[in-house]
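Student: I'm new to this structure and would like a close look at just one part of it. Could you pick a spot and walk me through what surrounds it?

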Amino acid sequence: QARGLSEIALTEHAYNFVECAPMLARPDYVSKYGHGFRIDEYISLVEGLKDEGFPVKLGIEVDYMPETVGDIAAFVSRHPFDLVIGSVHWIDEWGFDIAASSWNGVDVEWAYSRYFELACAAAASGIFDVIGHPDVIKVFGARMRAEAGLGGYYDALVSAAVASGTCLEVSGAGLRRPVREAYPAMDLLRLACERGVAVTLASDAHEPEEVGSRYDELAEWARAAGYRTITTLVRRRRRQVELC
(Lines give C-alpha, C1' and ligand atoms only; values in the text may rest on other atoms or scores of the structure.)
Protein backbone atom coordinates (compact mmCIF):
# COMPACT_ATOMS: atom_id res chain seq x y z
CA GLN A 1 0.00 0.00 0.00
CA ALA A 2 2.82 2.41 0.87
CA ARG A 3 4.30 1.85 -2.58
CA GLY A 4 0.98 2.42 -4.32
CA LEU A 5 0.46 -1.17 -5.46
CA SER A 6 -3.07 -2.25 -6.21
CA GLU A 7 -2.24 -5.97 -6.41
CA ILE A 8 0.59 -8.44 -5.95
CA ALA A 9 1.23 -11.47 -8.15
CA LEU A 10 2.84 -14.30 -6.22
CA THR A 11 5.08 -16.18 -8.66
CA GLU A 12 7.02 -18.85 -6.77
CA HIS A 13 9.70 -20.73 -8.69
CA ALA A 14 8.35 -24.06 -9.86
CA TYR A 15 11.39 -26.09 -8.80
CA ASN A 16 10.51 -25.29 -5.17
CA PHE A 17 7.51 -27.61 -5.42
CA VAL A 18 8.05 -31.34 -5.14
CA GLU A 19 5.58 -31.97 -7.96
CA CYS A 20 7.46 -29.63 -10.30
CA ALA A 21 11.08 -30.24 -9.35
CA PRO A 22 11.55 -33.05 -11.91
CA MET A 23 10.69 -30.57 -14.68
CA LEU A 24 13.93 -28.71 -13.96
CA ALA A 25 15.89 -31.91 -14.66
CA ARG A 26 18.65 -30.66 -12.36
CA PRO A 27 18.35 -32.81 -9.20
CA ASP A 28 21.60 -31.58 -7.66
CA TYR A 29 20.44 -27.98 -7.87
CA VAL A 30 17.03 -28.83 -6.44
CA SER A 31 18.52 -30.76 -3.54
CA LYS A 32 20.71 -27.77 -2.68
CA TYR A 33 18.29 -24.89 -3.24
CA GLY A 34 14.76 -26.32 -3.45
CA HIS A 35 12.29 -25.86 -0.60
CA GLY A 36 10.10 -28.93 -1.03
CA PHE A 37 6.79 -27.04 -1.03
CA ARG A 38 3.58 -28.68 -2.24
CA ILE A 39 1.64 -27.11 -5.07
CA ASP A 40 -1.79 -27.81 -3.53
CA GLU A 41 -0.81 -25.97 -0.33
CA TYR A 42 0.47 -23.01 -2.34
CA ILE A 43 -2.73 -22.80 -4.35
CA SER A 44 -4.86 -23.08 -1.21
CA LEU A 45 -2.85 -20.35 0.48
CA VAL A 46 -3.24 -17.87 -2.38
CA GLU A 47 -6.89 -18.70 -3.08
CA GLY A 48 -7.59 -18.35 0.64
CA LEU A 49 -6.03 -14.89 0.62
CA LYS A 50 -8.24 -13.96 -2.32
CA ASP A 51 -11.30 -15.15 -0.40
CA GLU A 52 -10.28 -12.87 2.49
CA GLY A 53 -10.19 -9.91 0.13
CA PHE A 54 -6.45 -9.57 -0.40
CA PRO A 55 -5.54 -8.30 -3.90
CA VAL A 56 -3.26 -11.17 -4.88
CA LYS A 57 -2.80 -13.21 -8.03
CA LEU A 58 -1.83 -16.87 -8.24
CA GLY A 59 1.23 -17.16 -10.42
CA ILE A 60 4.24 -19.37 -10.96
CA GLU A 61 7.62 -18.95 -12.65
CA VAL A 62 8.73 -22.00 -14.60
CA ASP A 63 12.18 -22.61 -16.04
CA TYR A 64 11.95 -23.36 -19.74
CA MET A 65 13.71 -26.68 -20.23
CA PRO A 66 13.53 -28.19 -23.75
CA GLU A 67 13.85 -31.73 -22.43
CA THR A 68 10.74 -31.46 -20.21
CA VAL A 69 8.62 -29.04 -22.20
CA GLY A 70 5.75 -31.54 -22.52
CA ASP A 71 5.60 -32.01 -18.76
CA ILE A 72 5.68 -28.23 -18.26
CA ALA A 73 2.73 -27.72 -20.61
CA ALA A 74 0.73 -30.46 -18.91
CA PHE A 75 1.48 -29.10 -15.44
CA VAL A 76 0.45 -25.49 -16.06
CA SER A 77 -2.77 -26.61 -17.77
CA ARG A 78 -3.85 -28.57 -14.68
CA HIS A 79 -3.88 -25.67 -12.22
CA PRO A 80 -5.90 -22.44 -11.88
CA PHE A 81 -3.05 -19.98 -12.30
CA ASP A 82 -3.71 -16.35 -13.03
CA LEU A 83 -0.37 -16.06 -14.80
CA VAL A 84 2.50 -18.30 -15.80
CA ILE A 85 5.96 -16.84 -16.32
CA GLY A 86 8.45 -18.72 -18.45
CA SER A 87 12.12 -17.93 -17.86
CA VAL A 88 15.48 -19.13 -19.09
CA HIS A 89 18.03 -19.52 -16.30
CA TRP A 90 19.89 -22.50 -17.71
CA ILE A 91 21.96 -23.00 -20.85
CA ASP A 92 22.31 -26.75 -21.05
CA GLU A 93 23.89 -27.67 -17.66
CA TRP A 94 25.03 -24.14 -16.89
CA GLY A 95 22.98 -22.01 -14.49
CA PHE A 96 24.38 -18.79 -15.92
CA ASP A 97 22.79 -16.35 -13.46
CA ILE A 98 23.89 -18.09 -10.25
CA ALA A 99 27.48 -16.85 -9.90
CA ALA A 100 29.64 -14.39 -11.82
CA SER A 101 32.59 -16.76 -11.49
CA SER A 102 30.81 -19.30 -13.67
CA TRP A 103 31.38 -16.96 -16.63
CA ASN A 104 35.15 -17.35 -16.41
CA GLY A 105 36.38 -18.67 -19.75
CA VAL A 106 32.91 -18.65 -21.34
CA ASP A 107 32.55 -17.51 -24.96
CA VAL A 108 30.16 -14.59 -24.49
CA GLU A 109 29.04 -14.62 -28.14
CA TRP A 110 28.04 -18.28 -27.78
CA ALA A 111 26.27 -17.60 -24.46
CA TYR A 112 24.12 -14.86 -25.98
CA SER A 113 23.34 -16.93 -29.05
CA ARG A 114 22.30 -19.96 -27.02
CA TYR A 115 20.33 -17.88 -24.51
CA PHE A 116 18.22 -16.19 -27.15
CA GLU A 117 17.70 -19.50 -28.94
CA LEU A 118 16.13 -20.84 -25.76
CA ALA A 119 14.20 -17.65 -24.98
CA CYS A 120 12.73 -17.69 -28.49
CA ALA A 121 11.71 -21.32 -28.07
CA ALA A 122 10.05 -20.48 -24.75
CA ALA A 123 8.11 -17.62 -26.33
CA ALA A 124 7.16 -19.67 -29.40
CA SER A 125 5.88 -22.54 -27.26
CA GLY A 126 2.73 -20.67 -26.27
CA ILE A 127 2.89 -22.32 -22.85
CA PHE A 128 3.60 -19.13 -20.95
CA ASP A 129 1.76 -15.86 -20.52
CA VAL A 130 4.95 -13.89 -19.95
CA ILE A 131 8.64 -14.28 -20.72
CA GLY A 132 10.47 -13.28 -17.56
CA HIS A 133 13.42 -10.84 -17.57
CA PRO A 134 13.83 -11.27 -21.35
CA ASP A 135 17.54 -10.40 -21.61
CA VAL A 136 18.74 -11.74 -18.26
CA ILE A 137 21.83 -13.10 -20.02
CA LYS A 138 23.41 -9.69 -19.32
CA VAL A 139 22.99 -10.21 -15.54
CA PHE A 140 26.70 -10.03 -14.66
CA GLY A 141 27.55 -7.39 -17.25
CA ALA A 142 29.07 -9.65 -19.91
CA ARG A 143 28.54 -8.02 -23.31
CA MET A 144 28.88 -9.17 -26.88
CA ARG A 145 31.84 -7.64 -28.70
CA ALA A 146 29.56 -6.27 -31.43
CA GLU A 147 26.37 -5.21 -29.69
CA ALA A 148 24.84 -4.37 -33.07
CA GLY A 149 24.46 -8.12 -33.42
CA LEU A 150 21.83 -8.05 -30.69
CA GLY A 151 19.31 -6.66 -33.15
CA GLY A 152 18.83 -10.04 -34.79
CA TYR A 153 18.29 -11.72 -31.43
CA TYR A 154 15.81 -9.05 -30.38
CA ASP A 155 13.90 -9.40 -33.64
CA ALA A 156 13.70 -13.18 -33.26
CA LEU A 157 12.40 -12.96 -29.70
CA VAL A 158 9.82 -10.31 -30.53
CA SER A 159 8.69 -12.28 -33.59
CA ALA A 160 8.19 -15.39 -31.44
CA ALA A 161 6.21 -13.37 -28.89
CA VAL A 162 4.03 -11.86 -31.62
CA ALA A 163 3.29 -15.26 -33.13
CA SER A 164 2.28 -16.83 -29.81
CA GLY A 165 0.70 -13.78 -28.20
CA THR A 166 3.14 -13.93 -25.28
CA CYS A 167 3.92 -10.88 -23.15
CA LEU A 168 7.39 -9.69 -22.19
CA GLU A 169 8.22 -8.72 -18.64
CA VAL A 170 9.68 -5.33 -17.73
CA SER A 171 11.62 -6.33 -14.65
CA GLY A 172 13.46 -4.43 -11.96
CA ALA A 173 15.56 -7.44 -10.98
CA GLY A 174 18.48 -6.23 -13.06
CA LEU A 175 18.58 -2.99 -11.11
CA ARG A 176 19.59 -5.05 -8.08
CA ARG A 177 22.06 -7.30 -9.93
CA PRO A 178 25.61 -6.46 -11.08
CA VAL A 179 24.42 -5.26 -14.50
CA ARG A 180 22.46 -2.44 -12.79
CA GLU A 181 19.95 -2.20 -15.65
CA ALA A 182 16.29 -3.01 -16.03
CA TYR A 183 15.26 -5.93 -18.19
CA PRO A 184 14.83 -5.74 -21.11
CA ALA A 185 17.18 -3.31 -22.83
CA MET A 186 15.53 -0.25 -24.35
CA ASP A 187 16.15 -1.36 -27.95
CA LEU A 188 14.39 -4.66 -27.29
CA LEU A 189 11.55 -2.97 -25.46
CA ARG A 190 11.01 -0.38 -28.20
CA LEU A 191 10.92 -3.10 -30.84
CA ALA A 192 8.38 -5.05 -28.79
CA CYS A 193 6.22 -1.94 -28.49
CA GLU A 194 6.43 -1.23 -32.22
CA ARG A 195 5.35 -4.79 -32.97
CA GLY A 196 2.43 -4.75 -30.52
CA VAL A 197 3.83 -7.08 -27.85
CA ALA A 198 2.17 -6.47 -24.48
CA VAL A 199 4.22 -6.11 -21.29
CA THR A 200 3.90 -6.72 -17.57
CA LEU A 201 5.79 -4.98 -14.76
CA ALA A 202 7.66 -7.02 -12.16
CA SER A 203 9.84 -6.28 -9.19
CA ASP A 204 10.88 -9.98 -9.18
CA ALA A 205 10.99 -9.67 -5.40
CA HIS A 206 12.80 -12.38 -3.48
CA GLU A 207 12.50 -10.50 -0.19
CA PRO A 208 9.47 -8.61 1.23
CA GLU A 209 11.21 -5.24 1.05
CA GLU A 210 11.77 -5.74 -2.69
CA VAL A 211 8.05 -5.91 -3.50
CA GLY A 212 7.22 -3.03 -5.81
CA SER A 213 10.83 -1.89 -5.68
CA ARG A 214 11.61 1.00 -8.05
CA TYR A 215 8.34 0.63 -9.91
CA ASP A 216 8.43 4.32 -10.80
CA GLU A 217 11.63 3.67 -12.75
CA LEU A 218 10.16 0.61 -14.44
CA ALA A 219 7.04 2.51 -15.43
CA GLU A 220 9.18 5.29 -16.89
CA TRP A 221 11.30 2.69 -18.73
CA ALA A 222 8.16 1.24 -20.34
CA ARG A 223 6.80 4.70 -21.09
CA ALA A 224 10.06 5.74 -22.76
CA ALA A 225 9.75 2.71 -25.05
CA GLY A 226 6.29 3.86 -26.13
CA TYR A 227 4.02 1.88 -23.83
CA ARG A 228 0.96 3.51 -22.34
CA THR A 229 -0.57 0.42 -20.78
CA ILE A 230 0.62 -2.69 -18.97
CA THR A 231 -0.96 -6.12 -18.76
CA THR A 232 -2.66 -7.70 -15.79
CA LEU A 233 -4.05 -11.23 -15.81
CA VAL A 234 -6.87 -13.15 -14.15
CA ARG A 235 -7.08 -16.89 -14.82
CA ARG A 236 -4.70 -16.23 -17.70
CA ARG A 237 -7.02 -13.74 -19.37
CA ARG A 238 -5.31 -10.45 -20.13
CA ARG A 239 -6.50 -6.90 -19.81
CA GLN A 240 -4.68 -3.63 -20.27
CA VAL A 241 -4.46 -1.01 -17.53
CA GLU A 242 -3.11 2.48 -17.94
CA LEU A 243 0.43 3.19 -16.86
CA CYS A 244 0.32 5.55 -13.89
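Tutor: Sure, let's start at Arg-214, keeping in mind that this is a predicted model. Arg-214 counts as partly exposed, because its relative accessibility is 36%, which falls between the 20% limit for buried and the 50% limit for exposed. The backbone is worth a look here too: Arg-214 isn't a glycine, yet its phi is positive, at about 55 degrees. You'll find Arg-214 in the loop that runs between strand 8 and helix 9.

Now follow the chain out of that loop. Helix 9 covers residues 215-224 and lies across strand 7 (167-171) and strand 8, making an angle of about 160 degrees with strand 8.

Going the other way from the loop brings you to strand 8 (199-202), and that takes us into the sheet. The sheet is open, with 6 strands in the order 1-2-3-6-7-8 and parallel pairing. Strand 8 is one of its edge strands, along with strand 1 (8-13), and each of the two pairs on one side only. For strand 8, the partner is strand 7: they run parallel and share 4 bridges. One place to see this is Ser-171, whose bridge partner in strand 8 is Ala-202.

Strand 7 deserves a pause. All 5 of its 5 residues are buried, so the rest of the structure largely encloses this strand. In a regular strand, side chains alternate between the two faces of the sheet. Here both faces are covered: Cys-167, Glu-169 and Ser-171 are buried on one side, and Leu-168 and Val-170 are buried on the other.

Step across once more and you reach strand 6, which pairs with strand 7 in the parallel sense over 2 bridges. Leu-168 in strand 7 is the bridge partner of Ile-131. To get from strand 6 to strand 7, look for helix 6 (residues 150-164): the three together form a right-handed β-α-β unit. Strand 6 (residues 130-131) also pairs in parallel with strand 3 (residues 83-87), again over 2 bridges. There, Ile-85 has Val-130 as its bridge partner in strand 6.

Before you go, compare our starting point with Arg-236, in the loop between strand 9 (229-234) and strand 10 (237-242). Arg-236 is another residue other than glycine with a positive phi, near 70 degrees. Its relative accessibility is 27%, so Arg-236 counts as partly exposed.

Methods: Residues are numbered from 1 along each chain as its sequence is written. This is a predicted model: local features need pLDDT of at least 70, side-chain atom pairs count only at pLDDT 80 or more; totals for chains, interfaces and linings use all residues. Side-chain values use heavy atoms; hydrogens and water are left out. Two strands pair if DSSP finds at least two bridges between them. Contact means heavy atoms within 4.5 Å. Axes are lines fitted to C-alpha atoms, for helices over the stretch in contact, and angles run from 0 to 180 degrees between N-to-C directions. Buried means under 20% relative accessible area, exposed over 50%, partly exposed in between (1.4 Å probe, protein chains only). A crossover is right-handed if, with the strands pointing away from the viewer, the path from the first strand over the helix to the second runs clockwise.
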